[in-house]
Structures are given as C-alpha cells and as structure tokens.
Amino acid sequence: MVGAFLITNGTILTMNPAQPEVEAVGVIGERIVATGDRESVASALPRGYRTLDLAGRTCLPGFNEAHNHMISFGLTLGHVPCGYPAVRSIEEIKRGVAERARELPAGSWIQGRGYDDNKLEERRHPTRWDLDEAAPDHPVIIVNGSGHMCVVNSLALRLAGVTRDTPDPQGGHIVRDEHGEPTGLLQETAQELVYTVIPEPTVEGMIQALRRCSEAYAAAGITSSTDASSDSPLQIEAYQRAVQRGALKLRTTLMIRENLLPHLIALGIKQGFGDNRLRIGPIKLFIDGSLIGRTAAVSRPFLNDPRPDNYGLTMMPQEQFEEYVWQAHHAGFQVAVHAIGDRGIEMVLDAYQKALEREPRPDHRHRIEHCGILRPDLIERIAAMRVLVVSQPIFITEYGDGFIRHLGMDRIQLTYPFRSLLEAGITLVFSTDCPVSSYQPLKCIQAAVTEKTGSGRSYALEEAISVEEALPLYTVAGAYATFEEQVKGQIRPGMLADFAILEQDPRVVDPEGLSEIRVSQTIIGGETVYEA
C-alpha cells in the first residue's frame with residue numbers, strides 16, 4: 001500500500017503566496033495531495049493514514065542548494081582540515097600535515113583544504129618551504145578555502161615538472177619569489193599542473209564521498225542539490241551508481257562543464273534529461289577567479305595586494321568565451337557562468353546579450369554564479385536581460401573581513417548586494433558553494449539577514465534582507481533556477497513531498513541565532529532521510 005500521512009500541530013510555511021501558512025498537509029506516496037485545515041486535508045487521505053505530529057515545530061519546503069560541489073565536499077571530509085577557526089596559523093597547518101605524514105607511507109599524497117590567508121596569524125599564504133618542513137618525503141597540496149588556488153611542496157612541484165622556467169598557463173599564475181623561484185602557490189588554472197599528477201579518485205571513492213555529502217546535507221534540511229561542475233564521465237557514472245545504491249538521497253541536478261557539451265550535443269541529450277532524482281542541468285563555464293584570492297576580474301585593482309596593478313584573471317579571451325556561450329545557448333541549454341569581479345560579470349553579460357540577439361529565447365534563465373562585485377549599471381543590465389543571480393551570503397560571514405581588506409568599505413556596499421538585487425526585480429537564488437563555505441542553509445540565511453562578518457564587523461547593512469524574504473530564496477528560487485518550480489520549492493498539492501522540519505520558527509528567533517536552529521527531521525519524497 002502507498003504510504004499516506006498528515007502533517008499537523010505546528011507552524012507550516014508553504015512558500016506559496018496564495019496560501020502562506022496552513023494547518024495541515026496531506027501526503028500520499030511521494031506527492032503532496034492536500035493543504036489547508038486539518039479536517040479537509042484528512043478527508044483527502046485514505047483510511048489508515050498516519051500522523052506526523054509537529055508538536056509545535058516548523059515545517060517548510062526542503063532547502064534547495066543551488067550551487068555546490070558534492071563530490072569535492074565528500075572527499076575533503078577525509079583531508080587534513082585547515083579551515084578557520086580550527087586552524088589559525090601556518091604552524092598549525094604544518095602540524096596537521098606532519099601528523100598525516102606519520103600515518104602514510106613515504107610518497108603518498110597528503111591533501112588539505114580550507115585555509116584563508118586573511119585569517120592566518122601570519123597574514124600570508126603558506127609556501128612550499130613551510131610544507132617541506134612538515135612532510136619532505138610526501139607530495140603535499142593544501143587548497144585555499146576558495147578552491148581557486150593551492151599551495152604545494154617541493155616534491156609536488158617536481159612531480160608536476162614545475163620549475164622557475166615553467167610559463168603561466170592561460171587563466172592562471174605561478175607565484176614566484178623575488179628570485180623567480182615558484183613559492184608553491186598556484187592560482188586558478190595553474191593548479192591543473194599539479195592536479196594532473198594526483199591520482200584520480202575512483203568511482204567507488206566518489207560514491208562514498210556522495211554518501212557522506214548526502215548524509216551531512218540531509219541533516220541540514222537540504223532535499224535538493226545542484227552540483228556546480230561535473231566535468232568527467234567518471235563523475236557522472238558515480239552519481240548514477242550512487243542513486244541506484246541509495247547512497248545519494250538528495251534530488252540532484254548536474255551542471256555540465258563545457259568540455260562535455262559536444263558529447264551531449266552528439267547524443268541528442270538536452271537539459272532536463274533524467275528524472276526528479278538525477279537530471280542534467282545547465283552548462284557551466286568559468287570567466288574569472290575568486291574575490292578572497294584576488295583573482296576575480298575587476299575594473300579597479302585590489303587593495304592590500306603585493307601587486308598594485310592586480311586586476312585579477314580571466315580564464316579565456318572574450319571571443320573564445322562568447323563562442324562557448326553561443327554553442328550552449330544554441331543547443332538549448334541554460335548557461336551558468338562563474339563570475340565574481342565586475343569586469344568578469346560584464347564579460348558574461350556581453351556574451352549573453354550577443355547570444356540572445358542572435359537567437360532570442362524568452363525563458364532562457366541564464367545564470368551568473370556568485371555575481372559578487374557589482375555596479376549600478378551591471379545591476380540594471382542583469383534585470384533587463386532577466387539573468388538569474390546565484391549568490392552565497394555565507395561568504396560575508398566566512399570571508400567578509402578579507403573582502404573589506406581587499407576592496408574597501410566603498411566597494412563592498414555593492415558586493416553581494418541582496419537588497420539592491422531584489423529591488424531591481426532580479427531573480428536571486430541562495431546557495432553556499434560548499435566546500436568553499438559551510439553547507440548549512442540557516443547559516444547562509446543568517447548572513448543575509450545580519451550582514452556581519454565572522455569578526456562581528458558590520459558589512460553592507462543597507463543590503464540586509466528579512467527572514468521572510470530570505471526563505472523563498474533557498475526554496476522557491478532554487479527550484480526555479482533549474483526549471484523545476486512546478487514540482488518542488490513550495491508546499492502545495494501536486495508538489496513533491498520534500499520537507500525540512502525545524503525546532504523553531506526562523507521568523508521569530510533572534511536573527512543572531514538563526515544558525516543555531518536545529519533541523520529535527522528531513523523528508524524527501526515522503527520518506528524520512530534524517531531524524532535528529
């Protein structure tokens with residue numbers, strides 16, 4: 001018999017403007033069949049239905065994580081932790097690396113992730129020589145929290161064949177000391193020089209990574225996730241097998257990198273291929289780097305930078321980028337481009353405009369991922385072109401102090417400007433970019449509401465939004481961003497029965513305590529996948 005149950009006796013926030021709050025919800029199988037008062041909802045259910053008693057808790061649609069890296073997150077759970085506040089100095093990073101070196105045979109790779117040079121006591125990046133002291137007999141790679149740069153030791157550089165004579169690749173930079181020697185810091189595409197010699201994770205390893213990711217996300221109330229860059233057949237195979245095994249409970253959309261686009265076109269695969277558990281989503285491109293790493297493409301140089309003329313990096317020439325955008329657009333795909341700096345964002349808008357003039361599409365829903373450093377003219381263009389902005393408020397908490405340091409208070413007023421974007425009528429979507437930042441949606445919402453950095457410093461207070469405004473950006477907007485607003489993101493009849501049940505109503509708690517609200521239960525397709 002198909003399972004049926006009634007949810008009642010608490011606060012139920014539907015995200016449906018026509019019926020914002022209801023007394024009860026009825027579910028049969030994996031779908032919502034009725035909402036409203038308890039008596040009418042109960043009458044829509046078959047005999048023998050069970051009751052999920054909220055006991056005063058709050059039920060809302062499951063959170064849609066619109067931009068993150070699931071396999072990467074699952075894999076990094078086994079890496080040397082280097083993030084703040086657990087790790088506060090280069091000396092602590094070295095101790096963690098040395099400890100891992102004692103556990104592994106010589107020659108084995110040691111990987112770590114999460115440091116932010118702006119938060120380390122030394123206020124600098126680690127160097128190859130720092131890591132050499134900790135593990136001279138192991139190749140070591142420590143990835144910056146942004147994911148846009150890494151530091152490797154001398155053995156790793158030798159294995160990769162990187163010397164003082166190695167030229168910078170397109171879209172990347174090998175940082176060198178005053179004598180021309182590589183320091184071990186590799187920015188953007190220069191990281192690939194080392195990644196090519198690190199053993200690839202196996203499909204089985206990626207499946208286990210997805211299992212770990214799925215469990216963590218479900219405990220945070222996340223029911224749907226969009227992986228932000230699937231670029232190999234093995235990754236796609238891992239997702240398929242993880243779903244078949246039940247290791248991946250989350251509904252998942254895969255952004256496909258541009259290198260695989262010709263294969264999709266040749267096979268006749270379109271966006272939306274799959275089902276409500278695993279499906280093909282947008283084509284993903286990069287145009288610039290990161291803000292915290294000062295590699296985002298900007299129109300004014302970064303402050304407090306060793307290079308006074310640092311305007312960031314672009315990943316490819318404008319003409320090549322526009323050709324990629326056109327190919328994806330012409331093939332009928334939604335396009336999602338990583339762009340953080342205002343110069344990078346302008347490059348994206350120019351490419352979108354040319355593609356849309358060449359082949360108009362009323363409901364294209366092309367996206368800008370991150371869309372960090374903005375200007376009034378760019379906001380106007382985004383609104384006029386109906387481009388979606390997929391943003392990460394959690395960056396303000398975790399990296400905001402560094403943003404202020406490298407941009408100044410004047411420029412950060414329109415860096416991740418939530419209020420300005422909403423008032424311009426732009427579709428704004430929230431996400432975390434995990435493992436770049438913490439994956440918990442409530443931490444993200446708190447950041448958007450309070451506009452405070454990790455040190456407690458005020459950020460762009462005029463850009464703060466309310467909890468009532470933020471919740472739809474993590475539910476309704478996340479579904480809209482993948483053309484799934486007819487099946488998820490709201491609690492109304494016909495929608496998938498995906499719910500996050502919270503111990504408290506986020507609308508009534510102190511905004512400073514939003515991240516402390518416990519998720520007590522997560523339901524996907526009518527089945528409980530997490531219970532505290």
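The paragraphs below lead from the chain as a whole to one helix and then to single residues in a predicted model.

Seen as a whole, the chain contains 18 helices and 22 strands. Its C-alpha atoms fill a box of roughly 80 × 55 × 50 Å when the box is taken along the principal axes. The radius of gyration of the chain is 23 Å, which agrees with the value near 24 Å that a compact globule of 532 residues would have. Of these 532 residues, 58% count as buried. Among contacts in the chain with a separation of 6 or more, 73% are accounted for by residues 24 or more positions apart.

Turning to the surface, the accessible area of the chain comes to about 20500 Å², and 50% of it belongs to carbon and sulfur atoms. The chain carries 51 positive and 69 negative side chains, and the centres of these two sets lie 3 Å apart.

Helix α11 offers a closer view of how one element is placed. This helix covers residues 342-358, which makes 17 residues, and its span of 24 Å from the first C-alpha to the last is close to the 24 Å expected at 1.5 Å a residue. An α-helix has 3.6 residues a turn, so residues three or four places apart point the same way. The buried residues of α11 are D342, G344, I345, M347, V348, L349, A351, Y352, A355 and L356. Their cover includes two helices, α10 (318-330) and α12 (376-385), as well as the strands β16 (335-339) and β17 (367-370).

The backbone has some local features that deserve attention. Most residues other than glycine have a negative phi, and most peptide bonds are trans. Against that background, the peptide bond from Y84 to P85 is cis, with omega near 5 degrees, and P85 is found in the loop between β7 (80-81) and α3 (90-103). A cis peptide bond also joins C434 and P435, where omega is about 10 degrees; P435 has its place in the loop between β19 (428-430) and α16 (441-450).

Positive phi values can be considered next. A55, a residue other than glycine, has a phi near 50 degrees, and A55 is found in the loop between β4 (50-53) and β5 (58-61). With a relative accessible area of 58%, A55 is exposed, because residues over 50% count as exposed. N304 is not a glycine either, yet N304 has a positive phi of about 50 degrees. The loop that holds N304 runs between β15 (278-286) and α10, and N304 is exposed, its relative accessible area being 52%.

Three further residues show how positions along the sequence relate to positions in space. T475 is found in the loop between α17 (467-473) and α18 (476-480), and its relative accessible area of 0% makes T475 buried. The C-alpha atoms of T475 and G489 are separated by 4.6 Å, although the two residues are 14 residues apart along the chain. Not counting residues up to four places away in sequence, T475 touches M15, P61, G62, F63, N64 and G489.

R164, by comparison, is found in the loop between α5 (154-160) and β11 (172-176), and R164 is partly exposed, with a relative accessible area of 42%. R164 and R176 are 12 residues apart along the chain, and their C-alpha atoms are separated by 7.9 Å. When neighbours within four places in sequence are left aside, the residues in contact with R164 are R176, H179, G180, E181 and P182.

I90, finally, has its place in helix α3, and I90 is buried, with a relative accessible area of 1%. Leaving out residues up to four places away in sequence, I90 touches L120, E122, R124, H125, P126 and D130. For a pair set much further along the chain, the C-alpha atoms of I90 and E319 are separated by 41 Å, with their positions 229 residues apart in the sequence counted as the distance along the chain.

Notes: Residues numbered from 1 in each chain as written. Predicted model: local features only at pLDDT ≥ 70, side-chain atom pairs only at ≥ 80, totals over all residues. Heavy atoms only, no water. Helix = DSSP H or I, 4+ residues; strand = E, 2+ residues; numbered from the N terminus. Rg over C-alpha atoms; globule rule 2.2 N^0.38 Å. Buried < 20%, exposed > 50% of the residue type's maximum accessible area, 1.4 Å probe, protein only. Contact = heavy atoms within 4.5 Å. Areas by Shrake-Rupley, 256 points an atom, 1.4 Å probe, with all protein chains shown as cover. Lys, Arg positive; Asp, Glu negative; His and termini not counted. Charge placed at Lys NZ, Arg CZ, Asp CG, Glu CD. Expected span 1.5 Å × (residues − 1).
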